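Colleague: I am new to this structure, and I would like to understand the reasons behind each label you use. Could you show it to me and take the terms as they come up?

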Amino acid sequence: MEDLKTKPENIREQITAGRVAKLVKEKALLEQAYIMDPTKTVNEAVVEAIGKLGENIKIRRFHKFILGEGVEKKVGDLAKEVEEQTAAMKAEAEKKKEEEPKVEAAKVEEEKTEDKPKVAVSPKMVKELRDKTGAGMMDCKKALAASNNNLQEAEDFLRKKGIAGAAKKAGRTAAEGLVVEYIHPGSRMGVLLELNCETDFVARGEKFTELANNLAMQVAANPDVEYVSVDEIDPEVREREIQIEMGREDLANKPENIRSQIVQGRVDKIFNERALLEQDYIMDPSRKVGQIIKESVATIGENIVVRRFMKFKLGEGIEKKEENFADEVAAQMGSS
């Protein structure tokens, strides 16, 4: 620092140590003024609580999510944005009113397509439909099978399902949204999740809020989930898992090409079980979380991204001492 250059060495060291200590204290929770009584620190409040309750109390960990943190936002004209959103809502309402008479007919047609026998679908047509609509590979395959490989009918099928066009919104910046929590009954498990959309207007909507809360509950319901998507998995972690599977005894006598295929299948299964987007949606197990988000994008009309989540399990990683309760009570009575 410029202001210390003219100070003697020993004085400079003392000032520097004091400044560093002040910076550290400002970042430590226990050193902050307690919000319920600013005359004492958080640490003093915890010590007082220990005296009243008669048990050791520790703040083990915490994590903060700041909405849109690290996401580059586009600066726009708020008045224009509101005007565009209002116009879009009116257009959507009018469109819905016009399409209401067609809903029953569409349901009947969908039931018919589901009853049709399975058809062979070529990868080339899947790619073509995927490029055209932006829908996922399996969604395209299902649509082509249901429409007997008719490209136009397959595209219509995807539109009915609300999938076509959803992926095209995926590149748009999503820095608004919600940070939500789910605390499991009994308060032994908690989840913090950030779900992003493009505008604050959508973030305040009932559908988006419901989706965010359901996804937080989904994370709590899937104990193995560690990632949002399989794309987040470190290649080194994947390679390590491949090597473990390659060394399994049940594969020792398999030909090399067969062994590689089996291993790849097993590794994909392992990581799919750890990715949130690959889980069966708790509100409708017939669909994956990723599909629900695509359909929400199509319904709401904005890009939606699960940015991150964090799970807290009470006492996780702490080694507990197993004690005899009767002996413990006797020891306490003897010491009193």
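Colleague: Where is I59 found, and what makes that stretch a loop between two helices?

Modeller: I59 is found in the loop between α2 and α3, where helices (H or I, at least four residues) and strands (E, at least two) are DSSP runs numbered from the N terminus. This is a predicted model, in which local features need pLDDT of at least 70 and side-chain atom pairs count only at pLDDT 80 or more, while totals for chains, interfaces and linings use all residues. Residues are numbered from 1 along each chain as its sequence is written, and side-chain values use heavy atoms, with hydrogens and water left out.

Colleague: Why is I59 called partly exposed?

Modeller: Buried means under 20% relative accessible area, exposed means over 50%, and partly exposed is in between (1.4 Å probe, protein chains only). I59 has 43% relative accessibility, so I59 counts as partly exposed.

Colleague: Which residues does I59 touch, leaving out those up to four places away in sequence?

Modeller: I59 touches L29, L30, V42 and V46, a contact being heavy atoms within 4.5 Å. The C-alpha atoms of I59 and L29 are separated by 9.2 Å, although the two residues are 30 apart along the chain.

Colleague: What makes the nonpolar surface patch, and how is such a patch defined?

Modeller: L29, L30, I59 and F62 make a nonpolar patch of about 360 Å². Patches are made of residues with over 30% relative accessible area and no salt bridge, where like charges are joined within 9 Å and nonpolar side chains (Val, Leu, Ile, Met, Phe, Trp, Tyr) within 5 Å. L29, placed in the loop between α1 (9-27) and β1 (33-34), has 35% relative accessibility and counts as partly exposed, so L29 is over the 30% that a patch requires.

Colleague: How do you know that R61 and E316 form a salt bridge?

Modeller: A salt bridge is a side-chain nitrogen of Lys or Arg within 4 Å of a carboxyl oxygen of Asp or Glu. The closest N and O atoms of R61 and E316 are 3.7 Å apart, so the pair meets that rule. The pair links distant parts of the chain, with R61 in the loop between α2 (42-53) and α3 (78-115) and E316 in the loop between β7 (305-313) and α12 (325-335), 255 residues apart. R61 is partly exposed at 35%, and E316 is likewise partly exposed at 39%.

Colleague: Why is E245 called buried, and what is the label for its partner R248?

Modeller: E245 has a relative accessible area of 5%, which is under 20%, and therefore E245 is called buried. R248, by contrast, has 38% and is partly exposed, while the closest N and O atoms of this salt bridge are 3.3 Å apart.

Colleague: How many salt bridges does the structure hold, and which residues are linked in a network of them?

Modeller: The structure holds 19 salt bridges, and E69, E194, R307 and R308 are linked in a network. Another salt bridge joins R287 and D284 at 2.8 Å, N to O.

Colleague: What makes you say that the charged end of R308 sits over the ring of F65?

Modeller: A charge sits over a ring if NZ of Lys or CZ of Arg is within 6 Å of the ring centre and within 35 degrees of the ring normal. The charged end of R308 is 4.3 Å from the centre of the F65 ring, so the distance part of the rule is satisfied.

Colleague: Where does V179 lie, and which residues is V179 in contact with, beyond its neighbours within four places in sequence?

Modeller: V179 lies in strand β3 (residues 176-183), and V179 is in contact with F65, L67, L192, L193 and E194. V179 is partly exposed, with a relative accessible area of 31%.

Colleague: Why is N148 called exposed, and what is its phi?

Modeller: N148 has 54% relative accessibility, which is over 50%, so N148 counts as exposed. Phi of N148 is near 55°, a positive value in a residue other than glycine. Most residues other than glycine have a negative phi. N148 lies in the loop between α5 (137-146) and α6 (151-161).

Note on methods: Accessible areas come from the Shrake-Rupley method with a 1.4 Å probe; for residues, only the protein chains shown count as cover.
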